Amino acid sequence: MAGALVDLLGVAGLAFLAVLSYRLKATDRLGSLAAFLMGVIIGLSAGWSWVAYLVVFLAAGTLATRYRYEYKSKLQAAQEKGGARGALNVLANGGVPTLIALVYSLFPYSILGLMFVASVASALADTLGTEIGLLSRSPPRFLFSGQQTQPGRSGGVTSLGIFAELAGALLFSFFGFFLGIVSLPLVAVAVVGGFIGSNVDSMLGATVQGYFICDVCGTSTEKRIHCGKQARLVSGLHWLGNNEVNILGAASGPLISAALYLAFF
Ligand SMILES: [Zn+2]
């Protein structure tokens, strides 16, 4: 009975937040609906502390994106997601955590709580690395080669960005402990998984990601299609575009944490 009341309050709270998110233009109509449905699934299958964790993550990410947004726009590197997120964007970002919560409802093992926290901590670390890293006075450099690149291009990192990533992974892993999703010993695993995971996209971006040049307008791009035409491959692998790199990056945090858990616990 008490459980049903908590679920009811949780669903009502999510409905309120979905409307708020729409009003604040953080998500569009379908994006708000998708976020609401994912929240309900996660709350009913894994518990409302998991939902609270995601809500704080979304608020922190949105604040970081909007912080000095004008300045970052001028660098032409601020993410286009400064506008309202659509359903696809919400699904892409929330898919992995929702899947982990669903599996947890069948097999409630602590490794799944760890993977959930690592996936969210890694996503937050990545967002902070990008958004705070853009404010760096020194130009971004490629991991490994150290070669300078333009702000906002995949694969580039700054010391400020890496520091922000580490801070994000630390804060959010501890927050997972605070909400009772992971035990204290597992916080360390989540920090390592989250931090390394948040750098996997930069590592791939600096090495094997495909870069293209558009023969129509001459722009160098991460997109295979530009100006409605197939762009020419300049470096990296043809099939490994920005979306693929982002998916691999999102999966790496939870996978690295799970591997560490199995090796040491
Ligand atoms: Zn073009």
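**A tour of one sheet and two loop residues**

Begin by selecting strand β3, residues 211-213, together with β7: 3 bridges join these strands, which run antiparallel. The model on display is a predicted one. Within this pairing, select F212 and then L233, its bridge partner in β7.

Next, widen the selection to β4, β3 and β7. These form an open sheet of 3 strands in the order β4-β3-β7, with antiparallel pairing. Which strands stand at the edges of the sheet? They are β4 (220-221) and β7 (232-235); each has a single partner strand, so one side of each is left without a neighbour in the sheet.

Now move to C227, which is found in the loop between β5 (225-226) and β6 (229-230). Although C227 is not a glycine, its phi is positive, at about 55°. Is C227 buried, partly exposed or exposed? C227 counts as partly exposed because it has 13 C-beta neighbours inside 10 Å, and the partly exposed class lies between the limits of 12 or fewer for exposed and 20 or more for buried.

For the last stop, select K25. This residue is placed in the loop between two helices, α1 (2-23) and α2 (29-46). K25 is likewise not a glycine, yet it has a positive phi of about 60°. How many C-beta neighbours does K25 have inside 10 Å? There are 11, and K25 therefore counts as exposed, since that class takes residues with 12 or fewer.

Conventions: Residues numbered from 1 in each chain as written. Predicted model: local features only at pLDDT ≥ 70, side-chain atom pairs only at ≥ 80, totals over all residues. Helix = DSSP H or I, 4+ residues; strand = E, 2+ residues; numbered from the N terminus. Pairing = 2+ DSSP bridges.
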